[in-house]
Amino acid sequence: MGCLWRKTLFFFLVFVTVYPHGASLQEAAPAGPRKPFFERLRRLEEQFRRFQEVTLTHLQSIASNYNVSYNVDVRFRSLAEESQAVAQAVNRSQASLQGELLQLKAWVRKLQRRSRKVDMRLRALDLALGERSQQQARDRKAHEAQGDALRDSLARLEGLVHSQGARLAALERWLPVAHPGTTALGPALVPAPAQPDLLGPSSLKLQRDRQELRAASEHRGPRQDSSAPLQGTQEPPASGSHRVLNGTATAPKDPPQQAWSPRGPGEICGVGPTLVFPNASTKNVVFLSPGFVTALRAVSFCSWVRTASGRLGTLLSYATEDNDNKLVLHGRDSLLPGSIHFVIGDPAFRELPLQPLLDGQWHHVCVIWMSAQGRYWLHVDRRLVATGSRFREGYEIPPGGSLVLGQEQDSVGGGFDSSEAFVGSMSGLAIWDRALVPGEVANLAIGKEFPTGAILTLANAALAGGFVQRASCTCLEHCP
């Protein structure tokens, strides 16, 4: 563009210098020969005028193009600023989206862990139900076989009774004739004491048969399919004797025990410190240290408990690196309201009924388990409310884990969930590495005697923050 301006300026200066010179020559020349020169000059003027117009047009187009290029540069700068702002917004959106994705992944992992636990518990429950149904089928078949054998024995015994009755009748008819000193007392044969040697081998065999018959009739009891007992062959069983039913000896049922009315809370004193869990915060956690230092083949957990939320929550949770549910007492996932899951080595568990604890009053709870035969017992206010066997038979609870009160652990010392938290109070809590006997449980519940050998009590409790309070009160009625 600078080169075009220079050319235009140069042409204009040449024209300015040439035009006066041509005008002076026109004045000096004669009139006749000037006409061609003026014609040329006129044509030159017209060409110069056209050149000016073209130059002006070019200059205007150049100016307009310069304005357009300036506007384009401004637009480019504005577009660059807008693209930079959009890139910053996209970066911020990506950062927030990545944070949300990380949270979603954490929730998904936690949900997967919970779903695996639920699946394992369902499989364990299905397996337990299958084993129970198979055991019931086997027991039913065994009972049917025993019933068939008993019916066969009864049929043979009935035939023997009839044959013995016929022999007895014949013998009774023969005795008064052959031995006048012998008297017949109904169906029983009593020889005269003065002539014991007159009874031959057949009479002795008959007595032995009658004794065996009487003994068999006493053990088998009255026939269920006969309207009246056979006279002279059986006696009414004593009130305290055992009965044989389908080949299995069963003791007579004890009279129903009278329900024990627990003392008022104010009458149980000296139970030790009390832990108060006021709400369902995940920060409300208590650790029992040092936990289990040796492997346990039996455990007894006893405590005074009072709930305040209408649900049980988690009383105890013991977690190790390989299993976060080695020993758990919690009530969130129970099948029935007010019941609690007693877990030993997840996924194995038993459901225990603790509906009385939902009334908001103090109750004494003892959960006992032993590895031998997998026996377990649940005592509430001195009463045995649940028991069973074959629960983790031969299992050992390993040492070195984390023992927590009031929260359920999804990992060692953490992974708490507020929906599984305990809300209420615990007092007099203690753990033994042996199975307490009913007398010890009863003495503990009435505050009479504390069983020896406790490995952990609330003296080992360490508060980990939150709103848990430790209270010291003389009697339970004064405890919060």
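Is arginine 434 buried, partly exposed or exposed? In this predicted model, arginine 434 is partly exposed, because its relative accessible area is 26%, and a residue counts as buried under 20% and as exposed over 50%. Arginine 434 also takes part in a contact between charged side chains, since glutamate 440 forms a salt bridge with arginine 434 in which the closest N and O atoms are 3.0 Å apart.

**Salt bridges**

A search of the whole structure finds 10 salt bridges, and the table lists three of them, including the pair just described.

| Acidic residue | Basic residue | N to O distance |
|---|---|---|
| Aspartate 410 | Arginine 114 | 3.0 Å |
| Aspartate 410 | Lysine 117 | 2.8 Å |
| Glutamate 440 | Arginine 434 | 3.0 Å |

The side chain of aspartate 410 meets that of arginine 114 in a salt bridge, and this pair links distant parts of the chain, with aspartate 410 in the loop between β15 and β16 (424–432) and arginine 114 in helix α2, 296 residues apart. Aspartate 410 also meets lysine 117 in a salt bridge, and here too distant parts of the chain are linked, as lysine 117 lies in helix α2, 293 residues apart from aspartate 410. Aspartate 410 is buried, because its relative accessible area is 11%, which is under the 20% limit, and lysine 117 is buried as well. These residues belong to a network of salt bridges that links Arg114, Lys117, Asp324, Asp410, Asp417 and Glu420.

**An open sheet of seven strands**

Seven strands form an open sheet in the order β11-β10-β9-β8-β15-β6-β18, and their pairing is antiparallel. Because β11 and β18 (461–463) stand at the edges, each with a single partner strand, one side of each is left without a neighbour in the sheet. Neighbouring strands of this sheet are turned by 25° against each other on average, direction ignored. Strands of a sheet pair through backbone hydrogen bonds, either parallel or antiparallel.

Several pairs can be followed residue by residue. Strand β6 (residues 286–288) pairs with strand β15 (residues 402–405) over two bridges in the antiparallel sense, and phenylalanine 287 has valine 404 of β15 as its bridge partner. Strand β9 (residues 327–330) pairs with β10 over four bridges, again in the antiparallel sense, and the bridge partner of leucine 329 is phenylalanine 342 in β10. On its other pairing, β10 joins β11 over five antiparallel bridges, where serine 339 has proline 353 of β11 as its bridge partner. The hairpin of β10 and β11 has four residues between the strands, and in it glycine 345 takes a positive phi near 65°.

How many residues of strand β10 (residues 339–344) are buried? Six of its six residues are buried. In a regular strand the side chains alternate between the two faces of the sheet. Both faces of β10 are covered, with Ser339, His341 and Val343 buried on one side and Ile340, Phe342 and Ile344 buried on the other.

**The largest pocket**

The largest pocket has a volume of about 760 Å³. Its lining is made by 22 residues, of which Ala128, Leu129, Arg132, Arg350 and Arg390 lie nearest its centre. Both α2 (34–178) and β11 (349–353) supply at least two residues of this lining, and the largest share, 10 residues, comes from α2. By class, the lining of the largest pocket has 11 nonpolar, four polar and seven charged residues.

Key:
Residues are numbered from 1 along each chain as its sequence is written. This is a predicted model: local features need pLDDT of at least 70, side-chain atom pairs count only at pLDDT 80 or more; totals for chains, interfaces and linings use all residues. Side-chain values use heavy atoms; hydrogens and water are left out. On a 1 Å grid over the protein atoms alone, a cavity is a set of points where a 1.4 Å probe fits but cannot get out, and a pocket is an open set with protein on both sides within 12 Å along at least five of seven lines; lining residues have an atom within 4 Å of a point. Grid points are joined across faces, edges and corners, and a volume is the space filled by probe spheres set on the points. Ala, Val, Leu, Ile, Met, Phe, Trp, Tyr, Cys and Pro count as nonpolar, Asp, Glu, Lys and Arg as charged, and the others, Gly among them, as polar. Two strands pair if DSSP finds at least two bridges between them. Axes are lines fitted to C-alpha atoms, for helices over the stretch in contact, and angles run from 0 to 180 degrees between N-to-C directions. A salt bridge is a side-chain nitrogen of Lys or Arg within 4 Å of a carboxyl oxygen of Asp or Glu. Buried means under 20% relative accessible area, exposed over 50%, partly exposed in between (1.4 Å probe, protein chains only).
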